[in-house]
Amino acid sequence: MSAPTVSLVEYDEAVARFDPVIGIEVHVELGTRTKMFDSAPQTFGAEPNTAVSPVSLGLPGALPVVNGTAVEYAIRIGLALNCQIAERCRFARKNYFYPDVPKNFQTSQYDEPIAFDGYLDVELEDGTVFRVEIERAHMEEDAGKNTHVGGSTGRIHGAEYSLVDYNRAGIPLVEIVTRPITGAGTRAPEVARAYVQALRDIFRTLGVSEARMERGNVRADVNLSLRPTPQSPLGTRTETKNVNSFRSVERAVRYEVSRQAAILAGGGTVVQETRHWHEDTGITTPGRVKSDAEDYRYFPEPDLVPVAPSREWVEAIRASLPELPGDRRRRLTDEWGYSEPEMRDVLNAGALDLIEATVAAGATPAAARKWWMGELARTAKQREVDLADLPVTPAQVGELQGLVDAGRINDKLARQVLEGVLDGEGSPEQVLVARGLEVVSDDGALLAAIDDVLAAQPDVADRIRGGKLQAVGAIVGGVMKATRGQADAGRVRELILSRLGVEG
Amino acid sequence: MSTISRDEVARVAGLARIDLTSDELDRLAGELDVIVDAVARVGEVATPDVPATSHPLPMTNVFREDVPEPSLVVDEILAAAPAAEGGRFVVPQILEED
Amino acid sequence: MSATDLTRLTAADLAGRLAAGEVSSVEATQAHLDRIAAVDGAVHAFLHVDAEGALATARDVDARRAAGEDLHALAGVPIAVKDIVVTRGLPTTAGSRILEGWLPPYDATITTRLREAGLPILGKTNMDEFAMGSSTEHSAFGNTHNPWDLDRIPGGSGGGSAAAVAAYEAPLAIGTDTGGSIRQPGAVTGTVGVKPTYGGVSRYGLIALASSLDQAGPVTRTVLDSALLHEVIGGHDPRDSTSIPEPLPALVDAARRGASGDLTGVRVGVVTELGGEGYQAGVRARFEESLELLRGAGAEIVEVSCPHFTYALGAYYLILPSEASSNLAKFDGMRFGLRVEPTDGPATAERVMAATRGAGFGDEVKRRIILGTYALSAGYYDAYYGSAQKVRTLIQRDFAAAFAQADVLVSPTAPTTAFRLGEKLDDPLAMYLNDVATIPANLAGVPGMSVPNGLSDDGLPVGLQILAPAKADDRLYRVGAALETLLEKTWGAPLLSRAPELETA
């Protein structure tokens, strides 16, 4: 398909002239064992139509029954997003004909979502916290999957027929809808991306979904409109569907800002429409206009009864929630005594979990940060891998630091030990032994070396005796050299002074 | 008084995805009208203070355990389908994209 | 005992003889298959007869009985099943061209329970397409004829089940009742039909007409037989979210107790709004006579008013099409059933769906889908579906007030006896008026029963409807059995014995 010619305004110019307002709808597939309304197994990658029941195929006579675990997951998500949980809510039928919707209606919560009126504080790369207001989070079901056959492009246009697999039909979804996100200004693309990323992290932390973007577990629809100033009423919006990676979310917002700005700057009006995102070209194109798209004939699903989560249940779920990513970050910053910029660097480097585990293995937070953000970060960069993928575990880093703290190695030796660990020579202890890197801690051996150096530099010895303590460094240096660095410099200094009868 | 015009019947038939012949449109426009007039009476007593009843017996929180059951057998369901290929249902070309 | 005699037995009698080893299930099943072969050409109660499957079940039951297994009381008693109930491997059409030849890959819960109890399924019975109708004339597969007069309708939508039982083609049948489709055919064929409390019998595997109104129930020749069958199919089913999670009341016990004919202390309410004008004189006369019998049996007769029942028909004809328009959306030619390509233009999915539905649905189905789609479409919901739901509340309140004064309510089941085939086909509203007395129970979810209570002036059967509070289905059986006993005492034989003998092929 040839892309139509679209005029664009440079992004910077566009946001200088217009105030972007975004709205994001995120669908997350819940990681339950069965579907939303029936006991067909939820399996990824199964043979087509081998994870279906009369309900998920929409066969005559089939009836839905709500998956209680899916409701619990939805409540978890609602609570994590600081939402109110409905005392009573119902499912509705959204009626429209489409071959991958087996009943020709989708069972979805319409005007009675299970969770509503929440917010999520999203941290941007520079540490700015941006609050995104959540309008609602509601439960619904996924559709089947069409594969278009024939035609030149494999896309819908030109396809001769389609093949439908209903394995995905009926998988539980929670759709999270934001209120219009204003005030992001030029950072709108970054806010959009950070929001979706934060949601993904929350889904994983809550254990409600594997939240794998590449499998379509998390899918975003991005609404965007422009207005002349932040005081102006909201402009006409477009909805770009199925933007399925963090980077694409950011790019789609940028693209729509540029495209709409060009229309508005040219005196035109933006058409309210659904648009499609093209990952390859980085553009959006209009979707086909459906005449009856707005008339879904919603009515309460008569085959289901209302969901009325007791307050006891909601509170029990709240009490069982794991610590959320944002809370954890704030707590650890506090506990570890890091500065905000230090913590941000740690986060950006993906080192939070590693440092936490290293601290758990006995290292101080400062030492753990020193290793991961220093030597190891450099190595990761050199090897072009993520920190977490380096062949060293937080436990090993903790062990390494333990050796330093015990005085068995100094920092310089520790770096050599680490090198050995990264090269696969074993644990820090094993490397230390194998490479013979242990500090010389035998005073007798050290004294022998000290005597040798003092004898070789009698003038320096005299100056020390004469009270010039800064001269000790030269003798220490000589001893370290003689022991190939394997001595504890502090102990060496003590021994020198006592040998010379000088008070340190 | 006619409440549902022929055009309205045609629009609704489109929503309901039913091809109607010209004769059917004419007939339905007349017949539906009778029914609509008859049910207009309902409005006489359905005042705002009356709550709606969607279920005859009030029940809430009917949930299922999240325990899988075996899938239907793919060959059996495809045997009952108008067309199938490679384990999937064959449907005619889809012109609109959602 | 001759084969003919076996078909004349009640299910309870037949079950007794099976248990006693006097007859085998194969004999009983074969007797009914023979009867079907003899009379169904004229009655056309069945859309599909499964002789092989029924006999296989019968043989299995006989073998298990011979092996001394503990069997269900109705094991081996054959049954006919309305074609709206999904039966694995047995054609299930709901009387519609759009499902012609469809072989379901699963069983309805009712079907499962019948199979587990060992009832041989004789076949599937005719009905108005998707249960939309009161005469079975809207079946895509031809009319069913009333065994009392083959020129007349057997009622609907479950005319096939009622006619099968009335014509001795089956001792038991399953029906479904959305606005009277069990009770009204019962009345016009002189048989017993029960619509249980909503949620009392699982809807899983019933092809849905209107989800909040549909209920399956027994169709039989006696009240006790209905109780026996009701206990087989009823009770909680986790596959139906609206299924009542409680055990059924003791229905068979109630029927046996009622059969004594004593109703001392029972308060019977006569609903003012369900009688009088619009009810045939003969229907009214039989109703008055039945009241006298009940009074004579010790019942206290009280008059109750349910003022909102006059709005029931209007509410019903908003709720039913609305829900039906959505329930029937799945019939689109994509996954099962009929697929029709448009006569001209491109065969896109959208156009194939429309062509399939245009060709596959009959007039009445199209009429109701269009009305329901209209009622739900943007801007109309509150005025139509929403208002109708409010009327439901008012009707429930009327019932609550009436049941404060009476243990059961009674009325004629239908305003008239069976009309002639074709007589009302062109007048949908007149057709709908058949259900005026039965609809309130569906809207409120309460149980109802129709018991034959005599012949009208035209010599055709009339039914009396009994209504009870939700979950008190046992009251229907007690009062119904009492009335049945009292009436048969006056008649000297069951009403059906006065039906003309059908010519046999």
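A salt bridge is a side-chain nitrogen of Lys or Arg within 4 Å of a carboxyl oxygen of Asp or Glu. The exercises below apply this rule and a few others to a predicted model, in which local features need pLDDT of at least 70, side-chain atom pairs count only at pLDDT 80 or more, and totals for chains, interfaces and linings use all residues. Residues are numbered from 1 along each chain as its sequence is written, chains are lettered from A and ligands numbered from 1 in the order in which they are written, and side-chain values use heavy atoms, with hydrogens and water left out.

**Exercise 1. A buried pair in chain C**

Task: state how C:Asp177 and C:Arg183 meet, and decide whether C:Asp177 is buried or exposed.

Solution.
Step 1. Side chains of opposite charge can pair when their charged atoms come close.
Step 2. For C:Asp177 and C:Arg183 the N to O distance is 2.8 Å, and the two side chains form a salt bridge.
Step 3. Buried means under 20% relative accessible area, exposed means over 50%, and partly exposed lies in between (1.4 Å probe, protein chains only).
Step 4. C:Asp177 has a relative accessible area of 0%, so this residue is buried. C:Arg183 is also at 0% and therefore counts as buried.

**Exercise 2. Pairs that link distant parts of a chain**

Task: find which parts of chain C are tied together by C:Arg8 and C:Glu501, then examine A:Glu29 and A:Arg219 in chain A.

Solution.
Step 1. C:Arg8 and C:Glu501 form a salt bridge at 3.0 Å, N to O.
Step 2. C:Arg8 belongs to helix H1 (residues 3-8) of chain C, while C:Glu501 is in the segment after helix H17 (473-491) of chain C, so the pair ties together parts 493 residues apart in sequence. Helices (H or I, at least four residues) and strands (E, at least two) are DSSP runs, numbered from the N terminus.
Step 3. C:Arg8 has a relative accessible area of 29% and so is partly exposed; C:Glu501, with 57%, is therefore exposed.
Step 4. In chain A, the side chains of A:Glu29 and A:Arg219 meet in a salt bridge of 3.4 Å, N to O. A:Glu29 is in strand E1 (residues 19-29) of chain A and A:Arg219 in strand E11 (residues 218-227) of chain A, 190 residues apart.
Step 5. Both A:Glu29 and A:Arg219 are buried.

**Exercise 3. Counting salt bridges**

Task: how many salt bridges are there over all chains, and which residues of chain A are linked in a network?

Solution.
Step 1. Over all chains the count is 67 salt bridges.
Step 2. A network of salt bridges links A:Glu323, A:Arg328, A:Arg331, A:Glu335, A:Asp353 and A:Glu356.

**Exercise 4. Chain C against chain B**

Task: describe the interface of chain C and chain B.

Solution.
Step 1. Contact means heavy atoms within 4.5 Å. In chain C, 67 residues are in contact with 56 residues of chain B.
Step 2. Buried area is the accessible area (1.4 Å probe) that two parts lose on being put together, summed over both. Between chain C and chain B it is about 5000 Å², with carbon and sulfur atoms giving 67%.
Step 3. On the side of chain C, C:Tyr311, C:Ile370 and C:Lys390 lose the most area to chain B, together 13% of what that side buries.
Step 4. Five salt bridges are counted between chain C and chain B. One of them joins C:Arg239 and B:Glu69 at 3.2 Å, N to O.
Step 5. H14(C) gives the most to the side of chain C that touches chain B, with 12 residues.

**Exercise 5. Chain C against chain A**

Task: repeat the description for the interface of chain C and chain A.

Solution.
Step 1. Here 37 residues of chain C are in contact with 30 residues of chain A.
Step 2. The area buried between chain C and chain A is about 2600 Å², and carbon and sulfur atoms give 62% of it.
Step 3. C:Ser241, C:Lys330 and C:Arg335 supply 22% of the area that chain C buries against chain A, more than any other three residues.
Step 4. The rule finds one salt bridge across this interface. A:Asp303 forms a salt bridge with C:Arg203, the closest N and O atoms being 2.9 Å apart.
Step 5. H11, H12 and H13 of chain C each supply at least two residues of the side that touches chain A, and H11(C) gives the most, with four residues.
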